[in-house]
Amino acid sequence: MEKLLDAVAAAASLLPPDKLQAIANRIRCVDPDKAVSVLANVLNTPAAAVVVDRLVDAWRACEVSPDELASMLLAASHVLTQAMSRQSIELVWTGPTTPVVSARRTEQALLQVINAADHTLFMTSFVAYDVSTIVRALDTAANRGVTVSILLELSQEHGGSLDFDVMGKMRTLVPEARLYAWRDKAVAFSEGRVHAKVAVADGKICFITSANLTGYAMDRNMEAGVLIAGGHIPVLLDEHLRALAALNVIELI
């Protein structure tokens with residue numbers, strides 16, 4: 001049965017809902033031995049044929065009626081469609097590109113999160129400098145009433161690892177932002193650094209990336225990340241960052 005369930009999941013993932021509906025309708029009227037020939041004229045790509053061949057092979061090894069299999073396909077398609085409508089995940093990439101894969105750029109993704117914020121925006125980065133477009137977007141967000149919170153690494157002078165005061169610079173650039181630092185660390189994290197690079201708006205959309213808030217990270221470095229809209233990940237990330245502040249793991253500076 002597990003093989004059949006995997007085949008149903010693959011079909012629901014790779015075939016559009018209308019195609020899966022047509023396949024389910026045909027399956028209700030056939031037995032496994034005749035399924036391939038009956039379904040042949042519903043398929044118009046080699047990839048779809050491979051998916052359905054796998055489905056039929058798995059069906060032949062199980063005692064599942066045509067009606068049951070058709071219902072399984074429709075249910076899987078419906079669940080996947082509902083899940084996709086609630087959450088989207090996009091690949092984000094800065095650096096050399098290829099014609100094989102299309103991806104959003106880091107700056108575009110970060111600006112999308114900042115501009116989406118209606119109430120709260122929380123960002124983390126190791127360093128931040130030379131990001132004029134991001135600074136303008138942060139100022140605009142603060143001016144429309146968004147509570148902007150930013151966690152950054154401290155300078156060596158203030159107990160961190162940076163050789164310059166990124167906190168002071170950010171305070172000048174985005175005066176309305178609430179700036180946080182990871183200062184009083186537990187023994188297990190005594191040599192730790194703020195290496196997380198994330199941004200989350202209202203617990204609804206988040207960006208998780210390798211990129212710091214720097215001009216090179218926005219334009220020249222090879223950076224990767226994911227932009228997630230909807231679902232539980234933005235909620236969890238927002239709750240986690242707020243909890244770190246509420247428990248004084250990170251402190252307002």
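Two strands pair if DSSP finds at least two bridges between them. Strands (E, at least two residues) and helices (H or I, at least four) are DSSP runs, numbered from the N terminus. With that in hand, Leu-91 stands opposite Val-226 in S9.

This is a predicted model: local features need pLDDT of at least 70, side-chain atom pairs count only at pLDDT 80 or more, and totals for chains, interfaces and linings use all residues. Residues are numbered from 1 along each chain as its sequence is written, and side-chain values use heavy atoms, with hydrogens and water left out.

## The sheet

Eight strands form an open sheet. Their order is S1-S9-S7-S6-S2-S4-S5-S10, and the pairing is mixed. Strand S1 (87-94) and strand S10 (251-252) are the edge strands, each pairing on one side only. In general, strands of a sheet pair through backbone hydrogen bonds, either parallel or antiparallel.

Three of the pairings are set out here.

| Strands | Bridges | Sense | One facing pair |
|---|---|---|---|
| S1 and S9 (residues 223-230) | eight bridges | antiparallel | Leu-91 and Val-226 |
| S2 (residues 120-125) and S6 | four bridges | antiparallel | Phe-122 and Val-200 |
| S6 and S7 (residues 205-209) | four bridges | antiparallel | Ala-199 and Phe-207 |

Strand S6 (residues 198-201) sends its side chains two ways. Val-198 and Val-200 point one way, Ala-199 and Ala-201 the other. All of these are buried, meaning under 20% relative accessible area; exposed means over 50%, and partly exposed lies in between (1.4 Å probe, protein chains only).

S6 and S7 form a hairpin with three residues between the strands. Asp-202 is found in that loop between S6 and S7. Asp-202 has a positive phi of about 60° although it is not a glycine. Is this residue buried or exposed? Asp-202 is buried, because its relative accessible area is 17%.

Asp-130 also has a positive phi, about 55°, and is not a glycine. Asp-130 lies in the loop between strand S3 (128-129) and H7. Asp-130 is exposed, because its relative accessible area is 60%.

At one edge of the sheet, strand S10 holds Glu-251. Glu-251 counts as buried because its relative accessibility is 17%. Which residues does Glu-251 touch, not counting those up to four places away in sequence? They are Leu-179, Tyr-180, Ala-181, Arg-183 and Asp-184. Contact here means heavy atoms within 4.5 Å.

## Helices across the sheet

Helix H7 (residues 132-143) lies across S2 and strand S4 (147-152). H7 runs at about 140° to S4. Axes are lines fitted to C-alpha atoms, for helices over the stretch in contact, and angles run from 0 to 180 degrees between N-to-C directions.

H8 lies across S4 and strand S5 (178-181), running at about 170° to S5. Helix H8 (residues 166-173) includes Lys-169. Lys-169 counts as partly exposed because its relative accessibility is 47%. Lys-169 and Ala-224 are 55 residues apart in sequence. In space they are 26 Å apart, C-alpha to C-alpha.

## Helix against helix

Helix H1 (residues 2-14) packs with helix H4 (residues 46-60) at an angle of about 155°. Their axes are 8 Å apart. H1 and H4 are therefore roughly antiparallel to each other. Angles over 145 degrees count as roughly antiparallel, under 35 as roughly parallel, 65 to 115 as roughly perpendicular and the rest as oblique.

Which residues of H1 and H4 meet? From H1 come Lys-3, Leu-4, Asp-6, Ala-7, Val-8, Ala-10, Ala-11 and Leu-14. From H4 come Val-51, Arg-54, Leu-55, Ala-58 and Trp-59. The residues of this contact divide into 10 nonpolar, no polar and three charged. Ala, Val, Leu, Ile, Met, Phe, Trp, Tyr, Cys and Pro count as nonpolar, Asp, Glu, Lys and Arg as charged, and the others, Gly among them, as polar.

The axes of helix H6 (residues 106-116) and H7 come within 9 Å and cross at roughly 10°. H6 and H7 are therefore roughly parallel to each other. H6 brings Glu-107, Leu-110, Leu-111, Ile-114 and Asn-115 to the contact. In H7 they meet Thr-133, Ile-134, Ala-137, Leu-138 and Ala-141. By class, the contact of H6 with H7 has seven nonpolar, two polar and one charged residues.
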